Amino acid sequence: IAAEKGGYAHFMLKEIHEQPRAFKDTLTGRLNLEKHEVKLDDIKITRNELEKIEKIFIVACGTAYHAGVVGKYIIEKLCKIPVEVDIASEFRYREPMMDENTLVIIISQSGETADTLAALREAKNKGSRVIAITNVVGSSVAREADDVLYTWAGPEIAVASTKAYSTQLIALTLIALRFAKELGTISHELFDEVAVELKKLPEKADLLLTKEEEIKKLAERYSQVEHLFYIGRGLDYAVALEGALKLKEISYIHAEAYAAGELKHGTLALIVNGTPVIALATQEHLFEKTLSNIKEVKAREAVVIGFAKEGNEEIKKSVDHVFYIPKTHPMLMPILTVIPLQLFAYHAAVARGTDVDKPRNLAKSVTVE
Ligand code: G6P
């Protein structure tokens, strides 16, 4: 086992560190910068079929569902098709409205989650086309979907998903770029901008991993708290959901993610002197709005750890600690932001002495309902 962990104390830590390599594998052969195209061989849906799509559902469980929330923002922005994200166990029992003009994107690391598989079958019964994003070649989801996109993250052993999530985000971005190109909803400039930045993700992830010690110190410092809040807007909110789940599942600290603009509608009542808040503020067009939410929690004497884009000096004045994320296209920011959030959860869990790779009551793949 020690050898399988490649010198790391846990599989989770090894898998976090495998992300630069995993990103490369997810991208290899799929992005052609010279030809300005995305090649996804196993997604066979034609331009004609794509033009008939009126609505997209993204359906998944757990961390894969959180990837779907990011996917919604990206696909709607690039493809101009409305996207609904659903938890598989909800979707399958609520008679969702879908037909042959609906596209369903199923996301599952293992490809074997019972509720997700049932949702896939339900979609096919209704005549919808199904694309699967999965990490496991030949899994049930891969076999039953019409089209498959493999994440190529490599085996993920730790129950808490890390590299599977970030590569699912890359996969969703590739799909969005390809569809937008075919539908003519993206400019050449934007396509190239996102594509060039996608290629740079592995080196930026590497850079982030060199700052592990900084995150470890913060995680240890706040590892004994009972509650922790994550706030953000837009894509920062989407990635906050995943950050909070990571912390809950392995450290057992109660963590909640809130859309920063919703604070006033309830959660602010829980913010008292010393409450730790992780504020994600990487989205430039929303920065001023998020900053005013940070000031709201600071006014209640919260302790704020801010995550911002490299070069943002403004945030320093309003938070207790800042952690900087390398610059990339705003749409790709969650792929980088999640890495320190994974490390924060990991080091908080280690400091609390929990069984990081096998958290209590949880399984890697939930194959029964
Ligand atoms: C379990 C795992 C999670 C995972 C979820 C969905 O709850 O503990 O890490 O996100 O299942 O799994 P899937 O294999 O469908 O992505």
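Which residue in strand 6 does V104 stand opposite? V104 stands opposite V130, and the paragraphs below place this pair in the wider structure.

The structure is a predicted model, in which local features need pLDDT of at least 70 and side-chain atom pairs count only at pLDDT 80 or more, while totals for chains, interfaces and linings use all residues. Residues are numbered from 1 along each chain as its sequence is written.

The protein chain contains 13 helices and 12 strands; helices (H or I, at least four residues) and strands (E, at least two) are DSSP runs, numbered from the N terminus. Along the principal axes, the C-alpha atoms of the protein chain fill a box of roughly 55 × 45 × 40 Å. The radius of gyration, taken over C-alpha atoms, can be set against a globule rule of 2.2 Å times the number of residues to the power 0.38. Because the chain has 369 residues, a compact globule would have a value near 21 Å, and the 20 Å of the protein chain agrees with this.

Of the 369 residues, 53% count as buried. A residue is buried if 20 or more other C-beta atoms lie within 10 Å of its own, exposed if 12 or fewer, and partly exposed in between, with C-beta atoms placed from the backbone. Two residues are in contact if their C-beta atoms, placed in that way, lie within 7 Å. Among contacts in the protein chain with a separation of 6 or more, 74% are made by residues 24 or more positions apart.

The first sheet to consider is open and is formed by 5 strands in the order 4-3-5-6-7, with parallel pairing. Two strands pair if DSSP finds at least two bridges between them. Strand 4 (83-87) and strand 7 (147-150) are the edge strands, each pairing on one side only. On average, neighbouring strands of this sheet are turned by 20 degrees against each other, direction ignored. Axes here are lines fitted to C-alpha atoms, for helices over the stretch in contact, and angles run from 0 to 180 degrees between N-to-C directions. Strand 5 (residues 102-108) and strand 6 (residues 129-134) run parallel and are joined by 6 bridges. Helix 6 (residues 114-125) lies across strand 3 (55-60), strand 5 and strand 6, at about 165 degrees to strand 5. Helix 8 (residues 163-183) lies across strand 5, strand 6 and strand 7, and runs at about 145 degrees to strand 6.

Another open sheet is formed by 5 strands in the order 9-8-10-11-12, again with parallel pairing. Its edge strands are strand 9 and strand 12 (321-325), each of which pairs on one side only. Strand 8 (residues 227-232) is mostly covered, since 5 of its 6 residues are buried. Strand 8 runs parallel to strand 9 (residues 254-259), to which 6 bridges join it. The chain passes from strand 8 through helix 11 (residues 235-251) to strand 9 in a right-handed β-α-β crossover; right-handed means that, with the strands pointing away from the viewer, the path from the first strand over the helix to the second runs clockwise. Strand 8 also runs parallel to strand 10 (residues 276-281), through 3 bridges. Within strand 8, F229 has E256 as its bridge partner in strand 9 and V277 as its bridge partner in strand 10.

Strand 11 and strand 12 pair in the parallel sense over 5 bridges, and A308 stands opposite Y324 in strand 12. K309 lies in strand 11 (residues 303-309). K309 counts as buried because 20 other C-beta atoms lie within 10 Å. Not counting residues up to four places away in sequence, K309 touches T282, E284, I325 and K327. K309 and E284 are 25 residues apart along the chain, and their C-alpha atoms are separated by 8.2 Å.

Helix 13 lies across strand 10, strand 11 and strand 12, and runs at about 135 degrees to strand 12. The nonpolar core comes next. Such a core is a set of buried Ala, Val, Leu, Ile, Met, Phe, Trp, Tyr and Cys residues joined through C-beta atoms within 7 Å. The largest one has 132 residues, and those with the most contacts inside it are A60, V70, I106, A176 and Y346. Helix 13 (residues 333-352) gives the most to this core, with 13 residues. Leaving aside neighbours within four places in sequence, Y346 is in contact with M12, L13, I16, I250 and V356.
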